[in-house]
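Trainee: I should like to understand how the descriptive terms applied to a model follow from its computed values. May we go through them term by term?

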Amino acid sequence: MRKTKRHIPALALVFAFATILQACAGGNEKEASSPPASSAAPSASASGSAAPSESAAPSELAPYEVSIVYFGKPQADDALVEAKLNEFFKEKINATVKLQPIASSDYKNRTELMMNTGEKMDLVFTASWLNFFGNVSKGAFIELDDLVAKYGQGLQERLNPLYLEAPRLKGKLYAVPTNKEITQGKAIMYRKDIVDKYQIPIDGINSMADLEPWMEKVKAGEPGIIPYYVAGGSGNFGGGFMMYETSGNYRPIGPAPAKTPMFLLDYKSSDEMKVKSVLDPEIADINKKELGLFRSFYEKGYINADAATSTTTINDLQKEGKIWVQAATWKPGADIEMKLATDSKYDYVSHVVEEPIVTTDLAAGSMFAISRTSKDPDRAMMVLNYLHTDPYVINLFVNGIEGKHYKKAGENRIEPIADSGYNPGTSWVVGNQLLNYLKPGQPDDLYTSWEKFNNEAKRFPLMGFVFDESNVKNEITQMTAVVTEYQSIFTGAVKNPEKLLEERNAKLKSAGIEKVQAELQKQIDAWRAENKKA
């Protein structure tokens, strides 16, 4: 694998929702992670979890079913895995579990409806990109500090402390993050065979503009490959959306209407922390350059002709061999994960172009909360603790049943069985990913590499800051409508994009973007003052 030794903040790629899932991966459920005690996951036959410190003996606990609502495609053998989990939890805490996977395309709407109607739930997958903080404000989830202290000591010992800083509102904890990578580096990822064929110097390519001569070569020499794929119809812009093609250090902060960053700050100017909006001249100029660049790509045939309307995910096209380059999130093992996601048809190499930063949104990117409708939050926390500490139970949840869904290939390594009936892609969703078995191609030191990556990642100066939208809800609603109306201008498929950008920005001003910017700045200043006192 190749990556830069010096992280170059040349390209603040702000990824669309589907790209987040790429290794959160996008269409593909991502393999992710965070620090273990060692690089090897304990054997699944060993139940290594620490029992909850204040839990009663199973015989003293009344039977209870813990529902687990999570982000994952329903599987043919969900019931078989659920039955095996129930054998485990019945013995440990006199509980059973009800697995409730919901496909990615339906997850947000379905769970929001369940919360609004007061449906009985216990453990609920949530994330910053699933309106976690908004749902906390609405009272959807319960406070967890006391429950973690009583029944979650094992997970607390294993999580990087930064994780438990992120999912807080007004100082109180409302979710437990999945133990995985705490941040991600922005990178450009390539199919290795294409890099080798054309001798592409990927270490010197730090922006989309740098890619242009190689897009030209690929277009001429590989007629079956799309030089650069953009999917505007699905909101997946192939990583090209809102590139901020600059050598600055801007990072998104605050609300992102229609998943589009509207506010940024230079994270290295820690003494100022002044919020810029897309109307500020320096950001507006960057946007204009981006639009011109992408329009020229489109006119030269580098971007697919249906960019403004296509709903095909980049992951589907990868498997068909039609993608050679894409913007990506990077962590140790990301290239191998992409290989696995394409059914091992291609090898990949990456070059990191943006320094990994630990932000509130990233650290809160995959979590479980306990619903306010839970009838037994204690038992829900006990189950969550086991998912973070017991290698048998987490591998059962993530990989299924040995002999039916996978074969052991070593103490801590497996080979999935094709078409086995259980491949939910939930390793990045549930519990402690660092206890997951390694799969073909993943190096033995993968988890220790992740730990090092986490420990070396730079902390965002506003780590823990959460914007309260209550004073500007109407303005954000109006901004969302404007952004949605003009999203296609960033696909390259629209004529005169610079003129349309001016139109959009004028409407954003009328919608109240300056009021939102002032409110965001006010809250940041207050948060910094309060934290300096602490």
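Mentor: Let us begin with pairing: two strands pair if DSSP finds at least two bridges between them. The model before us is predicted. Within it, Val124 stands opposite Ala369 of strand 14, and Thr126 has Met367 of strand 14 as its bridge partner.

Trainee: What makes strand 3 and strand 14 a pair?

Mentor: Strand 3 (residues 123–126) is joined to strand 14 (residues 367–370) by four bridges. The criterion is at least two bridges, so these strands count as paired. They run antiparallel.

Trainee: How do you know that strand 6 also pairs with strand 14?

Mentor: Two bridges link strand 6 and strand 14, in the antiparallel sense. Since at least two are required, the criterion is met. In this pairing, Val176 has Phe368 as its bridge partner in strand 14.

Trainee: In what order do the strands of this sheet lie, and which strands stand at its edges?

Mentor: The sheet is open, has five strands in the order 2-1-3-14-6, and shows mixed pairing. Strand 2 (95–102) and strand 6 (176–177) are at the edges because each has a single partner strand, which leaves one side of each without a neighbour in the sheet.

Trainee: Which way do the residues of strand 14 point, and are they buried or exposed?

Mentor: Met367 and Ala369 point one way, while Phe368 and Ile370 point the other way. All are buried, a term that requires under 20% relative accessible area. In a regular strand, side chains alternate between the two faces of the sheet. Across the protein chain of 534 residues, 58% count as buried.

Trainee: Which helices lie on this sheet?

Mentor: Helix 3 (residues 104–116) lies across strand 1 (64–71), strand 2 and strand 3, at about 125 degrees to strand 2. Helix 13 (residues 377–389) packs on the sheet as well, touching strand 1, strand 2, strand 3, strand 6 and strand 14. The direction of helix 13 makes about 55 degrees with that of strand 1.

Trainee: Why is helix 13 called roughly perpendicular to helix 14?

Mentor: The two helices pack at an angle of about 90 degrees, with their axes 6 Å apart. The range for roughly perpendicular is 65 to 115 degrees, and the angle therefore earns that description. Tyr386, Leu387 and Thr389 of helix 13 make the contact with Pro391, Val393, Ile394 and Phe397 of helix 14. By class, these residues are six nonpolar, one polar and no charged.

Trainee: Why, then, are helix 2 and helix 14 called roughly antiparallel?

Mentor: The axes of helix 2 (residues 78–93) and helix 14 (residues 391–399) cross at roughly 165 degrees and come within 9 Å. Angles over 145 degrees count as roughly antiparallel, so the term applies to this pair. The contact involves Val81, Lys84, Leu85, Phe88 and Phe89 of helix 2, together with Tyr392, Val393, Leu396 and Phe397 of helix 14. Eight of these residues are nonpolar, none is polar and one is charged.

Trainee: How do you know that strand 9 and strand 10 are paired?

Mentor: Strand 9 (residues 263–266) and strand 10 share two bridges in the antiparallel sense, so the requirement of at least two is satisfied. Phe263 stands opposite Ser277 in strand 10. These strands belong to an open sheet of three strands, ordered 8-9-10 with antiparallel pairing.

How values were computed: Residues numbered from 1 in each chain as written. Predicted model: local features only at pLDDT ≥ 70, side-chain atom pairs only at ≥ 80, totals over all residues. Heavy atoms only, no water. Axes fitted to C-alpha atoms, helices over the stretch in contact; angles between N-to-C directions. Parallel < 35°, antiparallel > 145°, perpendicular 65-115°, else oblique. Contact = heavy atoms within 4.5 Å. Nonpolar A, V, L, I, M, F, W, Y, C, P; charged D, E, K, R; others polar. Buried < 20%, exposed > 50% of the residue type's maximum accessible area, 1.4 Å probe, protein only.
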